[in-house]
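The questions below concern one molecular structure, which is shown next. Please consult the sequence and the coordinates while reading the answers.

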Amino acid sequence: MSSAQDPFYIVKEEIQESIDKLQSSFHQWERISCDMGDQVHLTKELLAACESIEWQVDELDKAISVAGRDPSWYGIDEAELEKRRRWTSTARNQMGNVKKAVVAGREVNISGTASVSGMRRELMRMPNSQQADKSNQYTQDNDDFIQSESDRQLLLIKQQDEELDELSVIVGRFGGVGLTIHEELLAQEKIIDDLGMEMDSTSNRLNFVQKKVAMVMKKASAKGQLIMILFLVVLFIILFVLVFLT
């Protein structure tokens with residue numbers, strides 16, 4: 001499965017866009033004066049966005065846990081699972097740092113303390129420093145995933161070629177068996193034709209003999225007819241033996 005079709009990367013991009021928008025709104029929130037009503041409204045939006053991102057990251061962690069039970073079924077390995085866990089951990093830290101800074105700023109506004117700006121910058125220092133690492137890691141993850149996917153495709157193509165070769169051998173064997181059966185049928189048909197011709201020839205001979213016998217019996221006396229009958233019986237036995245027993 002390519003990264004464009006993998007649900008993880010689709011959700012990952014959506015969460016990353018939400019985090020980028022969250023950080024942009026947070027920087028805008030930092031520049032707003034504490035006594036302005038816009039900051040209160042923006043604070044609510046930031047906290048709501050943090051809750052939404054936190055829920056999405058939790059759901060993504062659950063999906064990773066399910067995939068971790070049988071990675072091969074989902075077409076991934078342990079290294080890919082570990083990369084996905086690291087990304088969700090980084091996303092959670094980025095969202096958490098923004099949420100902490102906003103909550104701290106809101107509490108400072110309520111208590112009237114003016115030391116929140118430095119603390120917000122300190123809390124945001126970690127995600128800013130991680131931004132470049134995240135980008136490099138994301139690029140490396142994509143390269144590794146593309147390489148692993150390419151290896152899988154090559155392996156599948158090789159397996160398909162082997163299966164096609166085996167199928168070709170089996171088809172060739174069936175073709176040889178079919179040709180042998182065809183030749184055997186032709187031979188049997190020739191034998192049957194020869195036997196039919198021999199039977200026809202024998203029948204013609206018997207008919208000829210019967211006609212001759214009838215003619216002789218008409219001309220011969222009673223004694224001669226008896227001799228002729230005996231002669232014909234002996235001749236019939238001889239012909240039967242020659243035709244059917246040899």
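**Fold, surface and side-chain pairs**

Q: Which class of exposure does Arg 92 belong to at 27% relative accessibility?
A: Three classes are used: buried is under 20% relative accessible area, exposed is over 50%, and partly exposed lies in between (1.4 Å probe, protein chains only). Arg 92 has a relative accessibility of 27%, so this residue counts as partly exposed.

Q: How many helices and strands does the chain hold?
A: This is a predicted model, in which local features need pLDDT of at least 70 and side-chain atom pairs count only at pLDDT 80 or more, while totals for chains, interfaces and linings use all residues. Residues are numbered from 1 along each chain as its sequence is written, and side-chain values use heavy atoms, with hydrogens and water left out. Helices (H or I, at least four residues) and strands (E, at least two) are DSSP runs, numbered from the N terminus. From the N terminus the elements run α-α-α-α-α, and the count is 5 helices and 0 strands.

Q: What share of the contacts between residues at least 6 apart in sequence joins residues at least 24 apart?
A: The chain has 246 residues, of which 23% count as buried. A contact means heavy atoms within 4.5 Å. Among contacts between residues at least 6 apart in sequence, the share that joins residues at least 24 apart is 71%.

Q: What share of the area exposed by the chain do carbon and sulfur atoms supply?
A: Accessible areas come from the Shrake-Rupley method with a 1.4 Å probe, and for residues only the protein chains shown count as cover. The chain exposes about 17100 Å². The share of this area supplied by carbon and sulfur atoms is 61%.

Q: Which helix gives the most residues to the nonpolar patch?
A: Patches are made of residues with over 30% relative accessible area and no salt bridge; like charges are joined within 9 Å, and nonpolar side chains (Val, Leu, Ile, Met, Phe, Trp, Tyr) within 5 Å. The nonpolar patch on the surface, with about 940 Å² of accessible area together, includes Leu 195, Met 199, Ile 229, Phe 236 and Leu 245. Two elements give two or more residues to this patch, helix 4 (116-219) and helix 5 (222-244). Leu 195 lies in helix 4, but the greatest contribution, 7 residues, comes from helix 5.

Q: How many residues apart in sequence are the parts tied together by Glu 51 and Lys 99?
A: A salt bridge is a side-chain nitrogen of Lys or Arg within 4 Å of a carboxyl oxygen of Asp or Glu, and the structure holds 8 of them. One of these joins the side chains of Glu 51 and Lys 99, with 2.8 Å from N to O. Glu 51 belongs to helix 2 (residues 37-69) and Lys 99 to helix 3 (residues 78-111), so the pair ties together parts whose separation in residues is 48.

Q: Which residue forms a salt bridge with Asp 61?
A: Asp 61 has 22% relative accessibility and therefore counts as partly exposed. In its salt bridge the closest N and O atoms are 2.4 Å apart, and the partner is Arg 92. The pair links distant parts of the chain, 31 residues apart, with Asp 61 in helix 2 and, in helix 3, Arg 92.

Q: Which residues are joined into one network by salt bridges that share partners?
A: Within helix 3, Arg 85 and Glu 82 lie 3 residues apart, about one turn of the helix, and their side chains meet in a salt bridge of 3.7 Å, N to O. Arg 85 is partly exposed at 34% relative accessibility, and Glu 82 is partly exposed at 37%. Salt bridges that share partners form one network of Glu 51, Glu 54 and Lys 99.

Q: What is the geometry of the Phe 8 and Tyr 9 pair?
A: Rings of Phe, Tyr and Trp (its six-membered ring) pair if their centres lie within 6.5 Å; planes under 30 degrees apart count as stacked, over 60 as edge-to-face and the rest as tilted. The structure holds 3 aromatic pairs. For Phe 8 and Tyr 9 the centres are 5.3 Å apart and the planes stand at 85°, so the pair is edge-to-face.

Q: Which residue completes the aromatic cluster with Phe 8 and Tyr 9?
A: Phe 8 is buried at 6% relative accessibility, as is Tyr 9 at 3%. The rings of Phe 8 and Trp 87 have centres 6.5 Å apart and planes at 80°, so this pair is edge-to-face. It links distant parts of the chain, with Phe 8 in helix 1 (residues 7-31) and Trp 87 in helix 3, 79 residues apart. The residue that forms one aromatic cluster with Phe 8 and Tyr 9 is Trp 87.
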